[in-house]
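Me: I'm new to reading protein structures, and I'd like a close look at a single part rather than a quick tour of the whole. Could you start with the salt bridges and then follow wherever they lead?

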Amino acid sequence: GLEAAAEAAGLALHSIDALASEWRERWIEDEIWDPGQDLLALARLDRRRDALVERYGTFAVEAARNGLLWGIYQLLGKLRPAAYVWERRA
């Protein structure tokens, strides 16, 4: 996993900071991100899924859909990203 690869590269884990929805909330407040637009895009993508898959392929459509869902799920607390801080071992 990640920790084993970092250790093999000579890194030691300093800290892990779990991120909640605060940063997504701030993006909304600062008008950097509009979850309503992502929800509209998801609805439209799902409605046109067959045509989009035919034109772009399943992988591209699923990547686009999951990219849109990612932020919504973070905002709802369904996904909890984390920031890893590593230090190079002496």
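Reply: Happy to. The count comes to three salt bridges, and since the model is a predicted one, please read each of them as part of a prediction.

Let's begin with the pair formed by Asp30 and Arg26. Their side chains meet at 2.8 Å, taken from N to O. How open are the two partners to the outside? Asp30 has a relative accessible area of 39%, so it counts as partly exposed. Arg26 is also in the partly exposed class, because its value is 48% and the class ends at 50%.

Right beside Asp30 in the numbering comes Glu31, which sits in the loop between α2 (22-29) and α3 (35-47). This residue is exposed, at 73% relative accessible area. Its backbone deserves a glance too: the phi of Glu31 is near 60°, a positive value in a residue that is not glycine.

The second salt bridge joins Asp46 and Arg65, with 2.7 Å between the closest N and O atoms. Why is this pair interesting? Asp46 belongs to helix α3 and Arg65 to helix α5, so the bridge ties together parts that lie 19 residues apart in sequence. Both partners are partly exposed: Asp46 has a relative accessible area of 37%, and Arg65 has one of 23%.

The third salt bridge links Arg49 with Glu62, and here the closest N and O atoms are 2.5 Å apart. Arg49 is in helix α4 and Glu62 in helix α5, so this pair ties together parts 13 residues apart in sequence. Arg49 is partly exposed at 28%, and Glu62 falls in that class as well, at 24%. As for where Glu62 stands relative to α3, you can use Ala43 as a marker: the C-alpha atoms of Glu62 and Ala43 are 13 Å apart in space, with their positions 19 residues apart in sequence.

Two of those bridges have brought us to α5, so let's give this helix the close look you wanted. Helix α5 covers residues 58-76, 19 residues in total, and runs 26 Å from its first C-alpha to its last. That is close to the 27 Å expected at 1.5 Å a residue. Just past its end, Gly77 takes a positive phi of about 85°.

Which residues of α5 are buried? They are Val61, Leu68, Leu69, Gly71, Ile72 and Gln74. These buried residues pack against α2, α3 and α4 (49-56). On the α4 side you can pick out Val53, which lies in that helix. Leaving aside residues up to four places away in sequence, Val53 touches Thr58 and Val61. By contrast, Val53 and Ile28 are 31 Å apart from C-alpha to C-alpha, with a separation of 25 residues in sequence.

Now turn to the meeting of α3 and α5. Their axes come within 10 Å and cross at roughly 145°, and the crossing is left-handed. From α3, the residues in contact are Pro35, Asp38, Leu39, Ala41, Leu42, Leu45 and Asp46; from α5, they are Val61, Ala64, Arg65, Leu68, Leu69, Ile72 and Leu75. Sorted by class, this contact holds 11 nonpolar residues, three charged ones and no polar ones. Notice that Asp46 and Arg65 are both in that list, and they are the partners of the second salt bridge.

One more residue from that list, Leu75, makes a good last stop in helix α5. Is Leu75 buried or partly exposed? At 26% relative accessible area it is partly exposed, because buried means under 20%. Leaving out residues up to four places away in sequence, Leu75 touches Ser21, Arg24, Glu25, Ile28, Trp33 and Pro35. Its C-alpha atom is also 8.6 Å from that of Trp23, although the two residues are 52 apart along the chain.

To trace all this on your screen, start from Asp46 in α3, step across to Arg65 in α5, and then follow α5 on to Leu75.

How values were computed. Residues are numbered from 1 along each chain as its sequence is written. This is a predicted model: local features need pLDDT of at least 70, side-chain atom pairs count only at pLDDT 80 or more; totals for chains, interfaces and linings use all residues. Side-chain values use heavy atoms; hydrogens and water are left out. Helices (H or I, at least four residues) and strands (E, at least two) are DSSP runs, numbered from the N terminus. Buried means under 20% relative accessible area, exposed over 50%, partly exposed in between (1.4 Å probe, protein chains only). The expected span of a helix is 1.5 Å times one less than its number of residues. Contact means heavy atoms within 4.5 Å. A salt bridge is a side-chain nitrogen of Lys or Arg within 4 Å of a carboxyl oxygen of Asp or Glu. Axes are lines fitted to C-alpha atoms, for helices over the stretch in contact, and angles run from 0 to 180 degrees between N-to-C directions. A crossing is left-handed if the near helix is turned anticlockwise from the far one by less than a right angle, and right-handed if clockwise. Ala, Val, Leu, Ile, Met, Phe, Trp, Tyr, Cys and Pro count as nonpolar, Asp, Glu, Lys and Arg as charged, and the others, Gly among them, as polar.
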